[in-house]
Amino acid sequence: MQTILFVEDEKDINNNISTELKAELGEKVKVLPTYTVDEARQALKHFEIALVIIDIELPDGNGIDLAREVRKQHKYIPIMIASLHANDVLHSKLNNELNLFLMLEKPYTSSDLLAHVQSSLEKMQRMKRPFLVIKNGRIRMKIPIDEVVKVDTIKGTKRIELMHYSTETHRIVSHEFPMQSLADFMDLAPETNTLVRISQSTIVNPSFVIRYDGTSNELYLRHIPQVLSIGKTYRHTVGLLFSRFK
């Protein structure tokens with residue numbers, strides 16, 4: 001299910017647009033109505049958002065500043081901004097800064113929104129499974145980033161091992177490829193927050209973690225018998241992230 005974050009402080013507009021969009025888009029789309037900047041921030045923390053529609057004038061802040069926060073945290077989420085004072089100059093300025101999907105002039109209806117919303121959701125659906133493209137000589141591999149289990153440098157070499165879980169064969173597949181550092185590898189990742197560094201040389205996918213041992217600072221992953229030790233520099237961050245697995 002895809003979630004639309006709708007930020008509008010006028011309750012009648014919020015309720016009407018939210019209700020009409022839900023009716024038009026069906027059960028595969030959830031519309032999350034919020035009325036303030038703070039409520040929108042909380043929603044962004046707890047939900048995976050596919051589209052944000054933001055009113056500029058909000059009771060506890062500016063919608064443009066909220067849009068800046070969204071874009072800083074999420075490079076690809078489509079953003080629509082609504083304003084009573086929408087014009088080409090404002091649209092051009094915000095588009096250059098925030099790569100807006102759409103500038104809405106108020107008042108508008110759900111019918112005005114519908115085609116644009118459907119288009120943006122289709123775009124996000126296509127991007128839902130970003131791929132890593134890994135080159136090893138003449139061989140070029142395209143691996144879905146959400147299938148990556150672990151990435152690790154191979155000791156004594158300038159090579160990296162990538163392990164991914166193939167949803168087609170239901171087996172772990174291992175690949176080696178040349179790379180000077182994991183920093184170079186992370187540049188290949190379209191969304192680096194999908195993978196988490198647990199040591200200087202090792203990165204894991206949080207969705208494959210089944211257990212975190214805070215006493216020994218170790219992680220246990222699905223499909224891999226190997227126990228992974230957490231580096232001292234990363235213990236606090238990793239502990240907070242994986243504490244739910246205690």
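## The five-stranded sheet

Five strands, in the order β12-β11-β10-β14-β13, make up an open sheet in which the pairing is antiparallel. Because β12 and β13 (196-197) occupy the edges and each has a single partner strand, one side of each is left without a neighbour in the sheet. The model described here is a predicted one.

## Pairing around strand β11

Within this sheet, strand β11 covers residues 159-166 and strand β12 covers residues 171-178. The two run antiparallel and are joined by eight bridges. One of the residue pairs can be named: Arg159 has Pro178 of β12 as its bridge partner. Four residues lie between the strands in the hairpin of β11 and β12, and in this hairpin His170 adopts a positive phi near 60 degrees.

Strand β11 also pairs with strand β10, which spans residues 148-153. That pairing is likewise in the antiparallel sense and extends over five bridges. Here, Asp152 finds its bridge partner in Glu161 of β11.

## The second largest pocket

The volume of the second largest pocket is about 180 Å³. Its lining consists of 10 residues, of which Gln2, Lys28, Val29, Leu121 and Gln125 are the closest to the pocket centre.

Which helix supplies the largest share of the lining of this pocket? Helix α5, formed by residues 110-127, does so with four residues. In chemical character, the lining of the second largest pocket divides into four nonpolar, three polar and three charged residues.

## The chain as a whole

In secondary structure, the protein chain comprises seven helices and 17 strands. Its C-alpha atoms fill a box of roughly 65 × 45 × 35 Å when the dimensions are taken along the principal axes.

The protein chain has 246 residues, and 45% of them are buried. As to surface, the chain exposes about 14,000 Å², with carbon and sulfur atoms supplying 49% of that area. Contacts can also be described by separation along the sequence: among those between residues at least 6 apart, 51% join residues at least 24 apart.

Definitions and conventions: Residues numbered from 1 in each chain as written. Predicted model: local features only at pLDDT ≥ 70, side-chain atom pairs only at ≥ 80, totals over all residues. Heavy atoms only, no water. Pairing = 2+ DSSP bridges. 1 Å grid on protein atoms, 1.4 Å probe; cavity = no way out; pocket = protein on both sides within 12 Å on 5 of 7 lines; lining within 4 Å. Points joined across faces, edges and corners; volume = space filled by probe spheres on them. Nonpolar A, V, L, I, M, F, W, Y, C, P; charged D, E, K, R; others polar. Buried < 20%, exposed > 50% of the residue type's maximum accessible area, 1.4 Å probe, protein only. Contact = heavy atoms within 4.5 Å. Areas by Shrake-Rupley, 256 points an atom, 1.4 Å probe, with all protein chains shown as cover.
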